[in-house]
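Reader: Before we discuss helix packing and charged pairs, please show the structure to which the discussion refers.

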Amino acid sequence: MPTRTKFELKLGMATREAFGKALVELGRSNPSIVVLDADLSKSTYTAEFGKAFPDRFFECGIAEANMVAIASGLASAGKIPFASSFSVFLLNKGFEQLRVTAALPSANVKMVGTHSGISIGEDGPSQMSVEDLSLACSLAGFTVISPADEVSTMKLVKAAAEFNGPLFIRTGRAKAPIVYTPDQDFTIGKAVEVIEGSDVTLFATGLLLAESIRASETLEGEGISARVVDLHTVKPLDREAIARAAQETGAIVVSEEHLVDGGLGVRVAQVVAETRPVPMEFVGIQNTYAESGTPDELLDKYGLRARDVAAAARKAIQRKR
């Protein structure tokens with residue numbers, strides 16, 4: 001993507017909605033695609049697939065563990081199942097089955113969690129998944145994807161259908177700023193450098209990519225050149241992009257709508273420690289659950305805004321000096 005000094009970042013559809021649209025397109029082109037849901041199809045946007053292809057849609061009820069096992073069985077029969085529920089239910093309630101029926105046999109299943117993070121807003125902490133990336137990454141053999149906008153979601157969902165092996169995709173409830181143009185290419189496991197920079201690298205995933213872009217524009221006004229990189233694939237990480245950023249910019253900030261403990265930042269830090277140790281700062285949820293509120297109120301309160309990313313960047317740069 002060519003460097004842009006100013007992003008408009010207009011709101012687009014939620015990534016969960018983009019997931020639903022991608023499913024319908026996949027259903028038209030590939031008869032092996034089947035979809036499962038856990039009584040949340042209107043919220044996860046799998047309902048549109050169910051309307052278009054009722055014979056390939058399976059409503060499993062409020063039983064995520066069973067849904068995971070059924071999806072793995074369908075995969076063993078040669079189907080390409082996409083199984084969806086809220087992330088907090090899919091990962092927390094279905095974890096044993098994800099481990100035993102999907103990860104252990106390397107089933108070709110595509111698990112999609114919606115309503116991830118705290119930006120689901122007023123539904124409250126019982127439905128906010130702030131540990132899903134950590135749980136998904138702990139499943140041996142799983143690939144984990146966290147797209148930032150509608151463009152990346154649709155393209156990565158379609159890439160997931162072509163990918164062989166167990167995979168988790170994290171999507172959100174809130175409308176997401178559009179970062180990418182339709183001609184942007186995405187490869188699973190390959191980061192996207194959105195903005196060039198030489199003083200600090202801002203790695204981000206999901207909604208925090210847009211906040212990192214805004215932070216880079218703030219920093220630019222202060223004479224700081226901030227590289228922005230989208231780590232849409234959380235596992236496996238693009239180790240080359242991380243090592244290169246550490247070498248070329250000498251300071252790193254990792255931002256995510258997830259608990260800092262066990263999240264993307266920990267994974268990036270491991271790569272940095274193994275390749276090129278540099279000062280790092282982490283923007284995320286700090287060892288707490290959130291509360292009920294509007295998405296904007298929650299992102300403000302828990303420090304997931306551009307100002308928080310910019311502050312972390314200043315601190316990282318100061319440490320390298």
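**Helix packing and salt bridges**

Author: In this predicted model, the axes of helix H9 (residues 208-220) and helix H13 (residues 306-320) come within 8 Å and cross at roughly 60 degrees.

Reader: Is H9 parallel or oblique to H13?

Author: The axes of H9 and H13 cross at roughly 60 degrees. Angles under 35 degrees count as roughly parallel, and those from 65 to 115 as roughly perpendicular. The relation of H9 to H13 is therefore oblique.

Reader: How many nonpolar residues has the contact of H9 with H13?

Author: On the H9 side the contact includes Leu208, Ala215 and Leu219, and on the H13 side Ala306, Val309 and Ala310 are among the residues met. By class, the contact of H9 with H13 has three charged residues, two polar ones and, as the number of nonpolar residues, seven.

Reader: Is Glu211 buried or exposed?

Author: Glu211 lies in helix H9, three residues from Arg214, and the two side chains form a salt bridge with an N to O distance of 3.1 Å. Its partner Arg214 is partly exposed, at 30% relative accessible area. For Glu211 the relative accessibility is 8%. Because the cut-off for this class is under 20%, Glu211 counts as buried.

Reader: Which residues do salt bridges that share partners join into one network with Arg305?

Author: The side chains of Arg305 and Asp296 meet in a salt bridge at 2.8 Å, N to O. Arg305 is buried at 15% relative accessible area, whereas Asp296 is partly exposed at 48%. Through shared partners, the residues joined with Arg305 into one network are Glu211, Arg214, Asp296, Asp300 and Arg307.

Methods: Residues are numbered from 1 along each chain as its sequence is written. This is a predicted model: local features need pLDDT of at least 70, side-chain atom pairs count only at pLDDT 80 or more; totals for chains, interfaces and linings use all residues. Side-chain values use heavy atoms; hydrogens and water are left out. Axes are lines fitted to C-alpha atoms, for helices over the stretch in contact, and angles run from 0 to 180 degrees between N-to-C directions. Helices (H or I, at least four residues) and strands (E, at least two) are DSSP runs, numbered from the N terminus. Angles under 35 degrees count as roughly parallel, over 145 as roughly antiparallel, 65 to 115 as roughly perpendicular and the rest as oblique. Contact means heavy atoms within 4.5 Å. Ala, Val, Leu, Ile, Met, Phe, Trp, Tyr, Cys and Pro count as nonpolar, Asp, Glu, Lys and Arg as charged, and the others, Gly among them, as polar. A salt bridge is a side-chain nitrogen of Lys or Arg within 4 Å of a carboxyl oxygen of Asp or Glu. Buried means under 20% relative accessible area, exposed over 50%, partly exposed in between (1.4 Å probe, protein chains only).
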